Structure formats: C-alpha cells, structure tokens
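Colleague: Before I set up any calculations on this protein, could you take me through the model step by step?

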Amino acid sequence: MYRLTVLYGHPEDPAAFDRYYHEVHIPLAKKMQGLTGWTIGKCISADADTAPSYYLIVSLYAESATTMQFVLDSPEGQATIADVPNFATG
C-alpha cells in the first residue's frame, strides 16, 4: 500500500475553505480512478493552548507508487491538483 499525505495550512477564511472543499474539490477528486481509499480529518493540537500546525490532513491510498503516479498524472488527477489554489490560502 502507498499513501500520499496532503497537509493544508490554516486558511484565511475557514468557512469558505470548508464550503469549497466539500462542494467543489471533493466531487472533483472523486473522479480520480485507481485510489483504494482516502481519509480526511481536521487537525487539533495535543496542547489545548497551542494551535495545530495544519488545518486539514488528507491521505490518499493506492496499491503502489506507480498506481498513485498514474492517478495523479491522469486528467482527473491534474484537474484536482490544479484546483487547490482556488481554495487553499494557508
């Protein structure tokens, strides 16, 4: 199994980030073929007085590095990657 981890910094407007991410980016990413799964989670700090280093962490899974690269190089993968600057300001 191969995992690609995406770490999103804290956005300027968290509500706008969340809305765009769920309404536009995830549907776009779901068009990618070849992934065996993914996880998405908001980050918290173990120390309640310290902000987490990142806002959101995403893991994409594929059977091999070759398969992951195929997914990312596909038109759907490229469209998903190209979409990131449309919402990720952190």
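The exchange below goes from the overall fold to single residues of this predicted model.

Colleague: In what order do the helices and strands of the protein run from the N terminus on?

Modeller: The model is predicted, and it contains three helices and three strands. Within a box of roughly 40 × 25 × 15 Å, taken along the principal axes, lie the C-alpha atoms of the protein. Read from the N terminus on, the order of the elements is β-α-β-β-α-α.

Colleague: What share of the contacts with a separation of 6 or more comes from residues 24 or more positions apart?

Modeller: The protein has 90 residues, of which 27% count as buried, and its accessible surface comes to about 5,700 Å², with 56% of that area belonging to carbon and sulfur atoms. Among contacts with a separation of 6 or more, the share that joins residues 24 or more positions apart is 68%.

Colleague: Which residues of the largest nonpolar core touch the most other members?

Modeller: In soluble globular proteins, nonpolar side chains tend to be buried together. The largest nonpolar core here has 15 residues, and helix H1 (14-29), strand E3 and helix H2 (65-73) each supply at least two of them. The members that touch the most others are Tyr8, Phe17, Tyr21, Leu56 and Val58.

Colleague: Which residues form one aromatic cluster together with Tyr8?

Modeller: A search of the whole structure gives eight aromatic pairs. One of them joins Tyr8 and Phe87, whose ring centres are 5.8 Å apart with 45° between the planes, so the pair falls between the limits of 30 and 60 degrees and counts as tilted. This pair links distant parts of the chain, given that Tyr8 lies in strand E1 (residues 2-8) and Phe87 in the segment after H3, 79 residues apart. The residues that form one cluster with Tyr8 are Phe17, Tyr20, Tyr21, Tyr55 and Phe87.

Colleague: Are Tyr8 and Phe87 buried or exposed?

Modeller: Leaving aside neighbours within four places in sequence, Tyr8 is in contact with a list of residues that includes His25, Tyr54, Val84, Phe87 and Ala88. As for accessibility, both Tyr8 and Phe87 are buried.

Colleague: Does Tyr54 count as buried, partly exposed or exposed, and why?

Modeller: Tyr54 is located in the loop between strand E2 (37-42) and strand E3 (56-62), and together with Leu7 and Ile57 it makes a nonpolar surface patch of about 240 Å². Because its relative accessibility is 36%, which lies between the limits of 20% and 50%, Tyr54 counts as partly exposed.

Colleague: What distance separates the closest N and O atoms in the salt bridge of Lys42 with Asp18?

Modeller: The structure holds one salt bridge, formed by Lys42 and Asp18. The partners belong to distant parts of the chain, with Lys42 in strand E2 and Asp18 in helix H1, 24 residues apart. Between the closest N and O atoms of Lys42 and Asp18, the distance is 2.9 Å.

Colleague: How does Glu76 count in terms of exposure, and why?

Modeller: Glu76 is found in helix H3 (residues 75-83), and, not counting residues up to four places away in sequence, Glu76 touches Lys31 and Met32. The C-alpha atoms of Glu76 and Ala15, which are 61 residues apart along the chain, are separated by 26 Å. Because the relative accessible area of Glu76 is 33%, between the limits of 20% and 50%, Glu76 is partly exposed.

Technical notes. Residues are numbered from 1 along each chain as its sequence is written. This is a predicted model: local features need pLDDT of at least 70, side-chain atom pairs count only at pLDDT 80 or more; totals for chains, interfaces and linings use all residues. Side-chain values use heavy atoms; hydrogens and water are left out. Helices (H or I, at least four residues) and strands (E, at least two) are DSSP runs, numbered from the N terminus. Buried means under 20% relative accessible area, exposed over 50%, partly exposed in between (1.4 Å probe, protein chains only). Contact means heavy atoms within 4.5 Å. Rings of Phe, Tyr and Trp (its six-membered ring) pair if their centres lie within 6.5 Å; planes under 30 degrees apart count as stacked, over 60 as edge-to-face and the rest as tilted. Patches are made of residues with over 30% relative accessible area and no salt bridge: like charges are joined within 9 Å, nonpolar side chains (Val, Leu, Ile, Met, Phe, Trp, Tyr) within 5 Å. Accessible areas come from the Shrake-Rupley method with a 1.4 Å probe; for residues, only the protein chains shown count as cover. A salt bridge is a side-chain nitrogen of Lys or Arg within 4 Å of a carboxyl oxygen of Asp or Glu. A nonpolar core is a set of buried Ala, Val, Leu, Ile, Met, Phe, Trp, Tyr and Cys residues joined through side-chain atoms within 4.5 Å.
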